[in-house]
Amino acid sequence: MGCDIHFRVEKRVDGEWKPAEQMVANQYWEPGSDEPETNPKELYDGRNYSLFAILADVRNGRGFAGCDIGNGFNPIAPPRGLPPDVSKSVSEDSERWGGDGHSHSWFTLAELLAYDWTQTTKQRGYVNGLEAEEWFRMRAWDVRPKSYCGDVGGGGVRKISIGEMETIITGIKTELKDQPWETIQDTIRTRLRSVYAQAEWEIDYASCCKDFWYGTIPKLLQIAPGKPENVRIVFWFDN
């Protein structure tokens, strides 16, 4: 089961925290329903488990069914709950989720900016033959495989070490060095059908959270320019 974040933003105005997002019509609202007539246009709505781990120790180093996806992250802080002076709108939004919402917390933008996003961690994921071949060629420029999964299973699946995978692929490319690239790819696909290896790579926190660091943080900076202590995110999760 996947995990999603509910992400709200507040701005401090004259000592009072108020919602900072644009409100948009709720397509599910109708007269007499429990749905609100409008909803905030969330500044972040992605499903990035690296970010969830950093913000609240949620899904930290664990994937679906507890599979190993890496060494995890140092969270900014354990979940703090909702801030005591949370705005009415955000409080009501949280209450609507009831027991389905968990790991409620908050941070000012100043705290997010002060956190060390240059820290590194090790991540792991399984790659098939073609995914591994591409990673071996491209890892000098992009340390993370373009495509991978947390784990694989099934009657026909065989797991080997990443070293064995590289040796096999190098052998195929040497054997077929005079053949067209399409032939080499087809041979890798055929010989390594249902064969997987667990890759491991070291990566900095910001690169794990590009959608947040390069997409959402700049938007937060525009809410109260030069005063990051007057902007905060309030969030929780549901599974």
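Select strand E6 (120-127) to begin: 6 of its 8 residues are buried, so E6 is largely enclosed by the rest of the structure. Buried here means under 20% relative accessible area, exposed means over 50%, and partly exposed lies in between (1.4 Å probe, protein chains only). Strands (E, at least two residues) and helices (H or I, at least four) are DSSP runs, numbered from the N terminus.

The model on display is predicted: local features need pLDDT of at least 70, side-chain atom pairs count only at pLDDT 80 or more, and totals for chains, interfaces and linings use all residues. Residues are numbered from 1 along each chain as its sequence is written, and side-chain values use heavy atoms, with hydrogens and water left out.

**The partner of E6**

Add strand E8 (residues 195-204) to the selection; E6 and E8 run antiparallel and are joined by 8 bridges. Two strands are taken to pair if DSSP finds at least two bridges between them. To see one such position, pick Thr-121, which stands opposite Ile-203 in E8. In a regular strand the side chains alternate between the two faces of the sheet.

**The whole chain**

Zoom out to the full chain, which contains 8 helices and 9 strands. Its radius of gyration is 22 Å, well over the 18 Å that the globule rule gives for 239 residues, so the chain is more spread out than a compact globule. That radius is taken over C-alpha atoms, and the globule rule is 2.2 Å times the number of residues to the power 0.38. Along its principal axes, the C-alpha trace spans about 70 × 40 × 30 Å. Of the 239 residues, 41% are buried. Among contacts (heavy atoms within 4.5 Å) between residues at least 6 apart in sequence, 75% join residues at least 24 apart.

**The largest pocket**

Next, select Tyr-49, Ser-50, Ile-69, Gln-123 and Tyr-148, which lie nearest the centre of the largest pocket among its 20 lining residues. Pockets are found on a 1 Å grid over the protein atoms alone: a pocket is an open set of points with protein on both sides within 12 Å along at least five of seven lines, whereas a cavity is a set where a 1.4 Å probe fits but cannot get out, and lining residues have an atom within 4 Å of a point. The volume of this pocket is about 370 Å³; a volume is the space filled by probe spheres set on the points, which are joined across faces, edges and corners. Helix H1 (49-56) and strand E6 each supply at least two residues of the lining. By class, the lining has 8 nonpolar, 8 polar and 4 charged residues. Ala, Val, Leu, Ile, Met, Phe, Trp, Tyr, Cys and Pro count as nonpolar, Asp, Glu, Lys and Arg as charged, and the others, Gly among them, as polar.

**The second largest pocket**

Move to Asn-26, Glu-35, Asn-39, Asp-93 and Trp-97, which lie nearest the centre of the second largest pocket, lined by 14 residues. Its volume is about 320 Å³. Strand E3 (23-25), strand E4 (38-40) and helix H2 (88-97) each supply at least two lining residues, and H2 gives the most, with 3. The lining divides into 6 nonpolar, 4 polar and 4 charged residues.

**Between H1 and H2**

Select Asp-57, in the loop between H1 and H2. Its phi is near 60 degrees, a positive value in a residue other than glycine. Most residues other than glycine have a negative phi. Asp-57 is partly exposed, at 41% relative accessibility.

Leu-82 also belongs to the loop between H1 and H2, and is partly exposed at 28%. Beyond its neighbours within four places in sequence, Leu-82 is in contact with Ser-94, His-104, Trp-106, Val-234 and Trp-236. The C-alpha atoms of Leu-82 and Ser-94 are separated by 8.8 Å.

**Strand E5**

In strand E5 (residues 102-108), select Ser-103, whose phi is near 55 degrees and thus positive. Ser-103 is partly exposed, at 22%. His-102 is also found in E5 and is partly exposed, with a relative accessible area of 23%. Not counting residues up to four places away in sequence, His-102 touches Cys-3, Val-58, Trp-236, Phe-237, Asp-238 and Asn-239.

**The hairpin**

Finish with strands E1 (residues 4-13) and E2 (residues 16-19), which run antiparallel and are joined by 4 bridges. Lys-11 has Lys-18 in E2 as its bridge partner. The two strands form a hairpin with 2 residues between them, and Asp-14 in the turn has a positive phi of about 50 degrees.
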